[in-house]
Number of protein chains: 4
Amino acid sequence: MLNQEESRKDLGFGTKITSEQSRLINKDGSFNVRRVGDSSLNSVNWYHRLITFKWTKFLGLVFLFYFILNLIFASLYLLIGVEYLEGISNDHQQHPFWEAFFFSAQTLTTVGYGRISPTGFWTNAVAAFEALVGLLLIALATGLLYGRFSRSVPRIRFSGHALIAPYLDINGLMFRIIHERDSELIDLDVEMTLSCLDVLPSGAKTRKYYPLELERSHVNYFPLNWTIVHPITEESPLHNATAKSLNETDAEFLIIIRATDETFMQQVHARYSYHHEEILWGAKFEPMFDTSAQGNIAVRVSDIDRHRSASLNT
Amino acid sequence: MLNQEESRKDLGFGTKITSEQSRLINKDGSFNVRRVGDSSLNSVNWYHRLITFKWTKFLGLVFLFYFILNLIFASLYLLIGVEYLEGISNDHQQHPFWEAFFFSAQTLTTVGYGRISPTGFWTNAVAAFEALVGLLLIALATGLLYGRFSRSVPRIRFSGHALIAPYLDINGLMFRIIHERDSELIDLDVEMTLSCLDVLPSGAKTRKYYPLELERSHVNYFPLNWTIVHPITEESPLHNATAKSLNETDAEFLIIIRATDETFMQQVHARYSYHHEEILWGAKFEPMFDTSAQGNIAVRVSDIDRHRSASLNT
Amino acid sequence: MLNQEESRKDLGFGTKITSEQSRLINKDGSFNVRRVGDSSLNSVNWYHRLITFKWTKFLGLVFLFYFILNLIFASLYLLIGVEYLEGISNDHQQHPFWEAFFFSAQTLTTVGYGRISPTGFWTNAVAAFEALVGLLLIALATGLLYGRFSRSVPRIRFSGHALIAPYLDINGLMFRIIHERDSELIDLDVEMTLSCLDVLPSGAKTRKYYPLELERSHVNYFPLNWTIVHPITEESPLHNATAKSLNETDAEFLIIIRATDETFMQQVHARYSYHHEEILWGAKFEPMFDTSAQGNIAVRVSDIDRHRSASLNT
Amino acid sequence: MLNQEESRKDLGFGTKITSEQSRLINKDGSFNVRRVGDSSLNSVNWYHRLITFKWTKFLGLVFLFYFILNLIFASLYLLIGVEYLEGISNDHQQHPFWEAFFFSAQTLTTVGYGRISPTGFWTNAVAAFEALVGLLLIALATGLLYGRFSRSVPRIRFSGHALIAPYLDINGLMFRIIHERDSELIDLDVEMTLSCLDVLPSGAKTRKYYPLELERSHVNYFPLNWTIVHPITEESPLHNATAKSLNETDAEFLIIIRATDETFMQQVHARYSYHHEEILWGAKFEPMFDTSAQGNIAVRVSDIDRHRSASLNT
């Protein structure tokens, strides 16, 4: 009984997600799950957020934050008294607020030209504090930029569809992947699991998970494309499956890829899923690499989806 | 004989901790052990300390350090002679000490407005030294902030109690966990060990460790809550155990969780323990997630402790 | 049939690279493959590029970028009006453009001497922006320099040739390696695969891969040189092979080395290949280390290629 | 024959180090091996050097480098002409060289007070260059300081001697270890290998390696001390060994410890060796931890070497 449970291979989603037409894994690899009821900011991993934001959003936030911080400090300087900012009064080209604002910017960035400089205890104290804040923020930005840049994000591109194609004298479920980056991934492992609904004797629905055996689940190198094949043998849970039966059982094919990014020898991880409507029956991938006369091999990344129809073995 | 020893599975606490009512693992996951007799500062890992301090404490220390450093350098400048700080004398709004203090702050942060500037060999030399010290400290702060931010601290929340609940046609020891962060943990492994006192034939007490077999000890993904179950089969060391017997043998359930933080594909580790008085007999966890009509799944983090009483199988 | 496929051990190059005289792995360890058809800049991993450039190229780029950025900001300041740069006009030793250029440099690096300082809203705004840009670039440079420095690049030197040498009472394919760095590599694993062309019954060529069994494929430490030996037993795919047969089948020996860099306990990885013309038949490596009278051991790195001819066992 | 070789378990030192009285592993864990004959600076891993230097040496180098760099730039400024450093001439308290020197320091650290400021193209150009150099050096220092601090160096202390002590009804070779830091090591694995000289039938000496089976080679946690025991059973290579026989065969006990530093979940590694004269025959370790009445456990680090004589089992 225990062994039976152990072999169920559930991946962590459990058996109780039985609503149909809902993906477990979204197209971007994230889970279709929200955590609620814990509204505290505490649960947000800010570092994680800040390094996964888009670059445009990240830089926008940096500039906004810089602007607001200068507004605050400028207000403080005005509050203490503009007369404690020496060098402001000799020309009236500019409103004192903006003079204070730019003095704040010069302090926060530690440029400190000195045309305007603080006098008096409080203005000096605020400026000394602002300079320290500036340095800590620079330190933070340095860490964030390093974190953003050095994070090894694999750019594995999956074919848009998985195909049911002839494979040797049977058929196979196939998809293919390619690495879009100019760095190398090595030691790739791939796992594919079929998630589908099953009806219990009681009539209740339960979600089941079936690992799918692959023709090859590991490669050492990944310089070319890789076509991953689940041969539909008699032992396969897909034996006798049809487009209709996959639809009825709300079938989803969950894919995990683990690899090592060679630049930093760092583990990377990619998730993907093909929902049943993304399966093409009776199609075959076209080759996507050529060898030139000089022996150079060229892979055409944009051809990853090229396929033609093919009659299935029966 | 050797094999017998090998199978004892001791975790590293040894058999000689026989005082009752003492936890091996505290509620925060730390060990209930102090290292003494090596008073040198050498044994303190300062980096470790500085990145594990609370943020408030860390920032407080930074500001204190900045203040003290400026006090020291200000004293040095006064010692050499306030007349070597050019620009100080032209207004007497402020005591020379504070002028020196803020000059020091401007140097340490490399703002260097220049209203006050060093003249003379020694003041210049001290200022040049201070600027270098400032830069090294900024470098340090950068490293510390990066270390603090990028350290992957899993926020696994454990249910407050472990329950003895009905499980299939027997009973089980159950607790549940959830990840409180918005980043993902993958590839979780969990181990549970029972630590309890045993009486040797000689009458002496010895501490023994029993690994507890789990219904499932690994999940690939952790988007929802996970209920970890030790089925109390006939082979279980808990077979025939009662609240009283656990109390008498000073039972403690030690839990290790290993996982991978997906943001950086970094290994993380969590420890927890349930002391015998934290076990509830005859209770059952209530579900803590819902699926909406649109197929979205929502987990209520705050419901982790919700349970109701349930009669045990006998 | 599936098992047969599984055991093919293909490494990730596939069977269809059948042009002769083309290496799969270049002498620098890179793959002889280009990815084409995805012209977007998106596919370039800039961080990867910037940290793998040569130091001279990297520093050259930094200086060029600094120069260009100052050109741009100088132009902006001139556009707004040179009269808003206070302090410029009092001597005419220098063209206003260069004054603006150097003012820009002082702002970008946050030196901010203040002899020239911005007045007016727009000049101040541009300067405040430039200082922020400067800081972000410094943050970036910090990350890149750290990334460059801390990246653990093993410097494993391979003997220029692989030798077919007498080994015990048979022969062996041998090459040797040494670590050129003063840091230590530990836990080395080595794999060697023979890649060669085979003719199918249909007359078509296919590329096959044969793992080669090694005398020893793991060492804990690597303080000396290490000679890696594939003994040519009767089970070896090289049994009965000759220089001619290797040439005809376009044989290439692919080598993977995995190790741990002890300084950071980081995984490192090296690739190498010997093409058939880099095999010497009937030669033997000369020893490359000595033990002094005092028991000190000295390895002569430059002797890695030293060998003498030796008659093979038959 | 191959299998025989494979089982030799050589660690990477080979069989040819046959000089007596030479350690393979020094007391600090480094190898007793020099790499020679490759005089190029290329082979030095500067990052490795700079982060493994002692702190005092590292900081000394930083200050020296700062001093020399300022000397060089000061000379350059003087060469171009002291008259291009505006602000120097108004007082003659100080020699122009030192004024240039401190101006350089203010530029390199980007303090830039501005009392002295560059005029003229070349002085400005050098200053702009120096400021960039300064920033790159700060970036470097930041990386180095982070590297130094964040490098997880385990501080495992080994007992000064290994003991031959009574163990159950036989004897055992024992040593003990403790972690001197306040951070935690988890998942420790230990391996012990006996390295000794053997005489071949030909009369030549060869070095052999025997793995020693341990009572326990893994612990999950390491909060206390850990006594590692090789039981001298009849299968042990130490069966019938004496102090004299170990001396004659130049015996050395090589120890590898692998663990995970919990603060960063980083792999760490320690090496140690006991040479035959560091073995005590007939001694037993004294306990080194106490449990207080309140159930707190205290380990006395300084007691690691405490032992008393004990008669061996025969």
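**Exercise 1. Work out how much surface chain A exposes, which atoms supply it, and how many of its residues are buried.**

Solution. Chain A exposes about 13,200 Å², of which carbon and sulfur atoms supply 56%; such areas come from the Shrake-Rupley method with a 1.4 Å probe, and for residues only the protein chains shown count as cover. This is a predicted model, in which local features need pLDDT of at least 70 and side-chain atom pairs count only at pLDDT 80 or more, whereas totals for chains, interfaces and linings use all residues. Residues are numbered from 1 along each chain as its sequence is written, chains are lettered from A and ligands numbered from 1 in the order in which they are written, and side-chain values use heavy atoms, with hydrogens and water left out. Turning to the residues, 59% of the 314 in chain A are buried, where buried means under 20% relative accessible area, exposed means over 50%, and partly exposed lies in between (1.4 Å probe, protein chains only).

**Exercise 2. Describe the fold of chain A and decide whether the chain is spread out or compact.**

Solution. Begin with the secondary structure: chain A has 6 helices and 17 strands, which are DSSP runs numbered from the N terminus (helices H or I, at least four residues; strands E, at least two). The radius of gyration of chain A is 29 Å, well over the 20 Å that the globule rule gives for 314 residues, so the chain is more spread out than a compact globule; the radius is taken over C-alpha atoms, and the rule is 2.2 Å times the number of residues to the power 0.38. Along the principal axes, the C-alpha atoms of chain A fill a box of roughly 90 × 65 × 35 Å. Finally, among contacts (heavy atoms within 4.5 Å) between residues of chain A at least 6 apart in sequence, 67% join residues at least 24 apart.

**Exercise 3. Find how chain B is related to chain D, and whether the copies meet through similar or different surfaces.**

Solution. Chain B can be laid on chain D with an RMSD of 0.0 Å by a turn of 90° and a shift of 0.0 Å along the axis. The two copies are thus related as by a four-fold rotation axis, the superposition being by least squares on the C-alpha atoms of residues with pLDDT of at least 70 in both. Only 9% of the interface residues of chain B are also interface residues in chain D, so these copies meet through different surfaces.

**Exercise 4. Place T110(C) in its chain and list what it touches.**

Solution. T110(C) lies in the loop between α4 (96-108) and β3 (117-118) of chain C, and it is buried, with a relative accessible area of 2%. Leaving aside residues up to four places away in sequence, T110(C) touches T109(A), T110(A), V111(A), T110(B), L135(C) and T110(D).

**Exercise 5. Examine the backbone and surroundings of D187(A), then turn to D187(D).**

Solution. D187(A) sits in strand β7 (residues 185-199) of chain A and is buried, with a relative accessible area of 16%. Its phi is near 50°, a positive value in a residue other than glycine. Most residues other than glycine have a negative phi. The contacts of D187(A), not counting residues up to four places away in sequence, include H218(A), R258(A) and R258(C). In chain D, D187(D) is found in strand β7 (residues 185-199), is buried at a relative accessible area of 17%, and has a phi near 50°.
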